[in-house]
Each structure stands twice: as C-alpha cells, then as structure tokens.
Amino acid sequence: MNTTKSKILFEEAKKYIPGGVNSPVRAFKSVGGDPLFIKKGRGSKFWDADGNKFIDYIGSWGPHLFGHNPSFIIKALSEAIKNGTSFGAPTSLEVKMAKIITELVPSVEMVRMVNSGTEATMSAIRAARGFTGREKFIKFEGCYHGHADYFLIKAGSGALTLGVPTSPGVTKGNAADTLLADYNDINSVKKLISSNKKQIAAIIIEPIAGNMGVVKAKDEFIKELRAICDEEKIILIFDEVMTGFRVAAGGAQEVLGIKPDLSTFGKIIGGGLPVGAFGGKREIMEKIAPVGPVYQAGTLSGNPLAMAAGFAALKYIKNHPSVYKTLEKKSAYLEEGFKENLKAAGKNYAMNRVGSMMCMFFTEQPVDDFKSAVKSDTLLYGIYFHEMLKRGIYLAPAQFEALFVSTAHSKEDLDKTIRAHKESLTEILI
Ligand SMILES: Cc1ncc(COP(=O)(O)O)c(C=O)c1O
C-alpha cells in the first residue's frame, strides 16, 4: 500500500498540531504506525490521500449510521446553507430537532442542544448537581464520558472512595468528587452510596459501553441501579452519546427497558456535524438557565447547519423504523462470519455485539467489565488491525473501541471483510 502522501501530511501536521492529530486516538499510537489522512467518503467506503480505498467500520467513531454522505443529509445541508451558517438566535430547526428527540426517546421531556458529547455529559452532571444540591457523582471504570476534568479519573488503590486524577491538569479537588464503581457490579455501587450518604448527585453510565470494547449492562444490574437511584434520590444519567439512535431509535434505554432521569447524546444526532444534547425529566431540565439558575450556554449551540443534518438523520430514522432490522441483519451476518473464522482457527475469542456495535477481544474469557476487557492482548490487536488495513478494511486503531456497521455496508462489503478477517487471523496466529 502506497501511503507517501499521508506520511508527508503527517510530518507536516506534527509541526503545528500536537501529535499531528486533533484527537489522540486518531494517531495510531496503540496499534503502531502512522495515521492515514482521509480525503473523501462515500457510502461504506473512504479513500485516503494516496487514493487507497477502505471499507470503513469507524463511521467517524459512530455518527455515520447511514455511511458517508447519504443523499438526504447532503440535501438538507445544501438547503440550510443557503440561508446562512449561524445566527445566535433561535431558529425553527431547533424546535423541530428538540421535538423529534423527545418523540424518539420518551424519557426525554426537554432537551438542550450543545456542540459535542463532552459538553453534553458535563452539562448533565451540572444539571444533576444543581437539582440535587449534592456534589459527588459515580462513574464506572472503563466508561468514557468525554474529557471534562472530573471524568478523567482512574481508580488508584483504595480509590473506591476517592478518585485519583488520570491526566495532568486535573486537580485533586476535581477528582475528589468522582467516585469510581465497577461496571456490572451493583455491590461496588452500594458500597460507595453507603459511605457517601446523601452526597451523591448522579450516577452516570454508558448503558451499553462502547469505550472498553462493547460491553452491555446486565439486566439485573441496570434494574437495581435504577431502583437504588430512586431510593437514594440520585439522578441516573445514561450516556447515550454512542448508543443513542445507534442500537435502537430509542437508544440503549429502549433495548434495556429502563428510563434514566437524564440522557446525553452526540454522534448520530449531528448527522456528521459537531453536535451534542442532554435532556430528560422536565423538573430537572427546568433548572437550566434561563428558566432556572444552572448556567449552561453556547455560541454555536443549535447551529442551523448541524440541526439540518441532525434533523435529517432523525427524521429518516423516525420514518424508516426498519433501519434497525437492516442493521441487525448485516451485523449478525458479520458476527457469524467472524465466529466461523475463529472456530476454524481454533480460537474462542470473546465477541460482544449489540445491534450494529461489535467488538472482538483477543481473550478467550468472557468480557463483561473493564477488568475482563483489559485481559485482551492489545499487541495482537495492533497486528490484526494492520493485517485488516492491508486488505482494505479500516477498523478502529485501538482495541477498546466498537466496530460500527452502517446501512451502507453491502453484502459484498461484509463478505470481503469476513474474508479479510479469515486471512488476517491466519497471518497473526501462525
Ligand atoms: C459514551 C461517550 N460519551 C461521551 C463522549 C464524548 O463525546 P465527544 O467526543 O463528542 O466530546 C464519547 C466520545 O466518544 C462517548 O463515546
């Protein structure tokens, strides 16, 4: 594969952008090698600066449920741009957008648009704190909620009571209000609650995690979590930045049958443009300025271009409920193909899938939390990633990410991917 142009661009980029990238995981650090610079995308494929073509399973890390450049999103954007790019005043598109989100996700009675998933989760925590008058919150090891200071906390020893900052720049004070529990382990939550009585504002969780590979919350666990939040008057926040409109029109909460108090969204709701949103119970959302005292704002929030693209995506979902059946069929086909290849290779690697989110872990033990996820052989993943890339399949350049199937992936794409998987396994398992 000739990657000369990408290499030149990367060298140039590194002079002006930290690490040459605007988001760290794009840099291929965990799989080795240099990132490819992408020039254009269409449907299930994209092309790099050297003209190499790939079947894309990142879909911009989740937003592209319909593949690249679906005609109905391009049309909506072309129409919207004629009227201007931003006004800093309300538009009818924002009303349509808020309405369709509340229709598709019944737990959301009111919603505020923001510009990224990070802004959404950060604002949801502030709303929960403002509503409850409490300061601490619980997050789960292995869940990612964006890069706001108090989310970048990792467990140190004994850190089930006090968080320890993971990134320089995060203060101890910030970390102290973040309590860390184990995913799918209700006892770890109970312990934190009993040692922090009436101090916990919120529990935030990816109800189907996509940031430690794909790990689904167990039914019993999520039910108990809901019950505990009700008992203790803790705000339950589902971070659906990745799962919202991905695993079902109503997100993970529809799949799991549990209603959170607040939800956060991003990715798909922007139709490929930078958008986030948080919303939920009216009584909590009415604490947000200008109705209430909890301040939250954004110069470009509800941007007309982003709303046009996002609304086109959500309208399509609303009018075509069969989208999720199609995605399930395609994703199950891919999973089956991978599983047959694994069987033929004599490997029983853990394969987790919920709808069009999927992950193969390089460990033969089941993966249901962070500790089991990190048993995966990440070095082997790096080699596998490059074998797939050589064969024209673009996966996430990191093990603990989801593979996303879109409606644009054809049977031919899936068959090619299954063949590449078989060949790659053969190469790496020699
Ligand atoms: C579950 C979840 N929450 C929040 C975020 C942060 O979103 P953003 O990168 O748009 O800030 C992400 C990003 O991948 C995510 O997967």
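Reader: Why does Phe10 count as buried?

Author: Happy to explain, and please keep in mind that this is a predicted model. The relative accessibility of Phe10 is 6%. Buried means under 20%, so Phe10 counts as buried.

Reader: And why is Phe37 called partly exposed?

Author: Its relative accessible area is 23%. Partly exposed covers what lies between under 20%, which is buried, and over 50%, which is exposed, so Phe37 is partly exposed.

Reader: What makes the pair of Phe10 and Phe37 tilted?

Author: A search of the whole structure finds 21 aromatic pairs. In the pair of Phe10 and Phe37, the ring centres are 6.4 Å apart and the planes stand at 55°. Centres must lie within 6.5 Å to pair, and planes that are neither under 30 degrees nor over 60 count as tilted, so this pair is tilted. Phe10 sits in helix α1 and Phe37 in the loop between α1 and β1, 27 residues apart.

Reader: Why is the pair of Phe46 and Tyr394 called edge-to-face?

Author: Here the ring centres are 4.9 Å apart and the planes are at 75°. Planes over 60 degrees apart count as edge-to-face, so the pair gets that name.

Reader: What makes this pair a tie between parts far apart in sequence?

Author: Phe46 belongs to strand β2 (residues 45-48) and Tyr394 to strand β17 (residues 393-394), so the pair ties together parts 348 residues apart in sequence. Both Phe46 and Tyr394 are buried. Ring pairs also link them into a cluster with Phe28, Phe54 and Phe385.

Notes:
Residues are numbered from 1 along each chain as its sequence is written. This is a predicted model: local features need pLDDT of at least 70, side-chain atom pairs count only at pLDDT 80 or more; totals for chains, interfaces and linings use all residues. Side-chain values use heavy atoms; hydrogens and water are left out. Rings of Phe, Tyr and Trp (its six-membered ring) pair if their centres lie within 6.5 Å; planes under 30 degrees apart count as stacked, over 60 as edge-to-face and the rest as tilted. Helices (H or I, at least four residues) and strands (E, at least two) are DSSP runs, numbered from the N terminus. Buried means under 20% relative accessible area, exposed over 50%, partly exposed in between (1.4 Å probe, protein chains only).
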